[in-house]
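Subject: The structure we talked about, and some notes on it

Dear colleague,

Here is the structure I promised to pass on to you, with the sequence alongside. Please have a look at it on your own before you read my notes below.

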Amino acid sequence: MGDPKVERMHVGDDTFWSIGEVARKTGLSVKLIRHWSDAGVVHPARRTAAGYRLYGTEALARLRLGQTLQGLGLGLATIRDVLERESTLSEVASTHIDALEKQTRTLRTQQAVLRSVTRRNTTAEGLTTMTELARMSAAERRAIVQDFVTDTLGELDVPTYRRGLHAATTDLPADPTDEQVDA
C-alpha cells in the first residue's frame, strides 16, 4: 500500500486513484490538482502509508466541475465557494455575467477607439485623450461635458437653454459606434 506507483486502490466497494491517475482522467495537471487540494477545492479521500494522496469519485466530480468553472473564467476562491455550497451556481453565474458584460463593453469601446484612430490618422496625444475618455465612467464623462457647458455659457442668463444642454448630455452606449466615440 505504500508503493508510490499505486494508480488505483479498492477498499470495499470504493475505488481510489492516485493523483497521476486523476490527472489523466480529468486532463488537469498534477501540479494544479495538488494546488487545488492544498487550497481546499478538492480533498483526498485517503492517503497511502507513504503519505501519497488518493482521490475518490467525489473528488473527480469536484475537479471536473472546478475545471468547467475555471474554463468560464472564475477564480479559485469562487470555485471553492461553489463547491462548498457557500454560493449557489446561479449566484456565481449572475455575478460572472455582470463582470463579462463590463469586460465586453470595455473591449468594444477600446475597439471603437482604435478604429477611430486608424480612420482619422490620430496623433499619439489624440489617442491618449480618446483612450482616457473611453475609460471614464459615464458619470465622469457627463461631469466633463456639464463642466464644459457651464464654462462655455459662463454668466449668460439662459436657464432654459442651460437646462436643455445639460439634459441633452448622453452616455456612450454599451456598444458605441466609431462616430459616437469620435464625438
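Before anything else, a word on naming: helices, of at least four residues, and strands, of at least two, are runs assigned by DSSP and numbered from the N terminus. With that in hand, the order of elements along the sequence can be written as the pattern β-β-α-α-β-β-α-α-α-α-α-α-α, which comes to nine helices and four strands. Please keep in mind throughout that this is a predicted model.

Some overall figures come next. The protein has 183 residues, and 30% of them count as buried. Among contacts with a sequence separation of 6 or more, 45% are between residues 24 or more positions apart.

One residue that illustrates such a long separation is Trp17, which sits in strand E2, residues 14-18. Its relative accessibility is 8%, and because buried means under 20%, Trp17 counts as buried. In sequence Trp17 and Leu60 are 43 residues apart, while in space their C-alpha atoms are 9.3 Å apart.

Now to the way the helices pack, beginning with helix H3, residues 57-71. Helix H1, which covers residues 19-26, packs against H3 at an angle of about 45°, with 11 Å between the two axes, and H1 and H3 are therefore oblique to each other. The crossing in which H1 passes H3 is right-handed. On the H1 side the residues that meet H3 are Val22, Lys25 and Thr26, and their counterparts in H3 are Leu60, Leu63, Arg64 and Gln67.

Helix H2 also packs against H3, here at an angle of about 100° and with the axes 12 Å apart, so H2 and H3 are roughly perpendicular to each other. In this pairing Leu32, Ile33 and Trp36 of H2 meet Leu63, Gly66, Gln67 and Gln70 of H3.

Further along the chain, the axes of helix H7 (residues 138-153) and helix H8 (residues 159-167) come within 9 Å and cross at roughly 155°. Angles over 145 degrees count as roughly antiparallel, and H7 and H8 are therefore roughly antiparallel to each other. Their crossing is right-handed, and the residues that meet are Gln146, Val149, Thr150 and Leu153 from H7 with Tyr161, Arg162, Leu165 and His166 from H8.

Two helices are worth following residue by residue. In helix H4, residues 76-83, the buried residues are Ile79, Val82 and Leu83. These residues cover an arc of only 95° around the axis, which puts them on the same side of H4. What covers them includes helix H2, helix H3 and helix H5 (89-120). Just after H4 comes Arg85, which takes a positive phi of about 65°.

How far should the 12 residues of helix H6 span? At 1.5 Å a residue, H6 (residues 124-135) should span 16 Å, and this agrees with the model, where the C-alpha atoms at its ends are 16 Å apart. The buried residues of H6 are Gly126, Met130 and Ala134. Seen down the axis of H6, these buried residues fall within an arc of 65°, so they line one face of the helix. The exposed residues Ala124, Glu125 and Arg135 are carried by the face of H6 that is turned away from its buried side.

With best wishes

Key
Residues numbered from 1 in each chain as written. Predicted model: local features only at pLDDT ≥ 70, side-chain atom pairs only at ≥ 80, totals over all residues. Heavy atoms only, no water. Expected span 1.5 Å × (residues − 1). Buried < 20%, exposed > 50% of the residue type's maximum accessible area, 1.4 Å probe, protein only. Arc of directions from axis to C-beta. Contact = heavy atoms within 4.5 Å. Axes fitted to C-alpha atoms, helices over the stretch in contact; angles between N-to-C directions. Parallel < 35°, antiparallel > 145°, perpendicular 65-115°, else oblique. Left-handed = near helix turned anticlockwise from the far one by under 90°.
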